[in-house]
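Me: Hey, I've just opened a structure I don't know at all. Can you walk me through it?
Reply: Sure, let's get it up on the screen.

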Amino acid sequence: MQKARPYSSYFFLLTLVLALPSSLCIRFSGRISEDESNPELKTAVFALGSFWRSEAVFGCLDGVVRTAVGYSGGSKINPEYRNLGNHAECVQIEYDPRFLSFKQLLEIFWAGHDSRQVFGQGPDVGSQYRSIIFTNGTEESRLATVSKEREQTKSKSGIVTTQIQQLETFYMAEPDHQKFELKRNPFLLQLIGNLPEEELEKSNLAAKLNSYAAELCPARKQRQIDAKIKDIVKKGWPILREV
């Protein structure tokens with residue numbers, strides 16, 4: 001599933017860091033603590049191709065608290081990456097409905113992939129890459145149906161293949177697949193304190209930087225993160241705590 005990526009601004013930043021004298025290197029004095037128990041949070045699950053990229057599509061949105069990748073939509077118990085059965089690769093999004101709605105997430109879903117491609121996205125072909133909106137009730141099902149009908153009216157070159165399914169079980173994927181784009185960039189991991197896997201999976205900051213690493217943040221946010229990282233590199237501050 002791995003694909004070539006364009007050069008990103010963080011490669012330039014990494015070069016700057018490597019060029020710094022040891023006295024200015026980034027130091028880490030502690031871990032990032034984050035509130036993980038907001039009872040008002042809602043959860044959405046989508047399948048839109050490779051979950052490496054799918055997680056990065058949503059991570060930088062205002063209102064998204066954390067993201068995770070996994071498997072759903074099939075019947076196999078406890079699927080694994082090399083043995084999915086009939087499941088699809090999915091992204092799970094925990095979000096604050098005060099700042100982000102399910103309807104807005106649907107808009108990002110449609111914009112984030114080609115819903116007319118059958119069982120695949122780009123070079124990734126297979127049923128595990130199919131397009132699915134998972135719902136948690138009748139209102140979400142209604143919104144998903146309306147959005148699919150609207151998307152079909154826009155399509156002049158094919159049929160929208162997206163399925164709409166009631167969410168049953170979401171199986172978390174193996175740790176190697178969580179925050180995949182971020183993990184490809186050791187500099188960014190170092191910049192947030194080399195969090196242990198459990199913290200990294202739950203981190204809001206990691207979700208945002210995962211999108212940043214994939215260059216999938218909104219342009220304004222991408223520039224803001226660029227500026228903050230450059231400032232840290234310039235001043236030799238110990239850790240990036242928020243973006």
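Reply: One term before we start: helices and strands here are DSSP runs, at least four residues for a helix and at least two for a strand, and they're numbered from the N terminus. Also, keep in mind that this is a predicted model.

Me: Got it. So which helices supply at least two residues each to the lining of the largest pocket?
Reply: Those are α3 (102-111) and α4 (138-154). α4 gives the most, with 7 residues.

Me: What volume does that pocket have?
Reply: About 200 Å³.

Me: And which residues line it?
Reply: Going along the chain, you'll find Lys 103, Leu 106, Glu 107 and Trp 110, then Arg 142, Leu 143, Val 146, Ser 147, Arg 150, Glu 151 and Lys 154. By class, that lining has 6 charged, 4 nonpolar and 1 polar.

Me: OK, zooming out. How many helices and strands are there in the protein?
Reply: The count is 9 helices and 8 strands.

Me: How much of the protein is buried?
Reply: Of its 243 residues, 47% are buried. As for the outside, the accessible surface comes to about 12,400 Å², and 52% of that belongs to carbon and sulfur atoms.

Me: What about contacts between residues at least 6 apart in sequence, what share of them join residues at least 24 apart?
Reply: That share is 75%.

Me: Let's talk strands. What order do they take in the open sheet?
Reply: The open sheet has 6 strands in the order β7-β6-β1-β3-β2-β8, and the pairing is mixed. At its edges sit β7 (163-166) and β8 (171-172), each pairing on one side only.

Me: Which strands does β1 pair with?
Reply: β1, residues 42-48, pairs with β3, residues 88-95, in the antiparallel sense over 5 bridges. β1 also pairs with β6, residues 131-135, again antiparallel, over 4 bridges.

Me: Can you give me some bridge partners to click on?
Reply: Try Phe 46, whose partner in β3 is Val 91, and Thr 43, whose partner in β3 is Glu 94. For β6, look at Val 45, which has Phe 134 as its bridge partner.

Me: Is β1 mostly covered or mostly open?
Reply: Mostly covered: 5 of its 7 residues are buried.

Me: Switching to α2. How many of its residues are buried?
Reply: 7 of its 8. They are Phe 51, Trp 52, Ser 54, Glu 55, Ala 56, Val 57 and Phe 58.

Me: What covers them?
Reply: The cover includes the strands β1, β2 and β3, plus the helices α3, α5 (180-183) and α8 (204-213).

Me: Last one: where is Cys 60?
Reply: Cys 60 is in the loop between α2 (51-58) and β2 (64-72).

Me: Why does Cys 60 count as buried?
Reply: Because its relative accessible area is 3%, and buried means under 20%.

Me: And what is it in contact with, leaving aside neighbours within four places in sequence?
Reply: Cys 60 is in contact with Ala 207, Lys 208, Ser 211, Cys 217, Pro 218, Lys 221 and Ile 225. You can also look at Leu 216: it lies 156 residues from Cys 60 along the chain, and their C-alpha atoms are separated by 7.7 Å.

Methods
Residues numbered from 1 in each chain as written. Predicted model: local features only at pLDDT ≥ 70, side-chain atom pairs only at ≥ 80, totals over all residues. Heavy atoms only, no water. Buried < 20%, exposed > 50% of the residue type's maximum accessible area, 1.4 Å probe, protein only. Contact = heavy atoms within 4.5 Å. Areas by Shrake-Rupley, 256 points an atom, 1.4 Å probe, with all protein chains shown as cover. 1 Å grid on protein atoms, 1.4 Å probe; cavity = no way out; pocket = protein on both sides within 12 Å on 5 of 7 lines; lining within 4 Å. Points joined across faces, edges and corners; volume = space filled by probe spheres on them. Nonpolar A, V, L, I, M, F, W, Y, C, P; charged D, E, K, R; others polar. Pairing = 2+ DSSP bridges.
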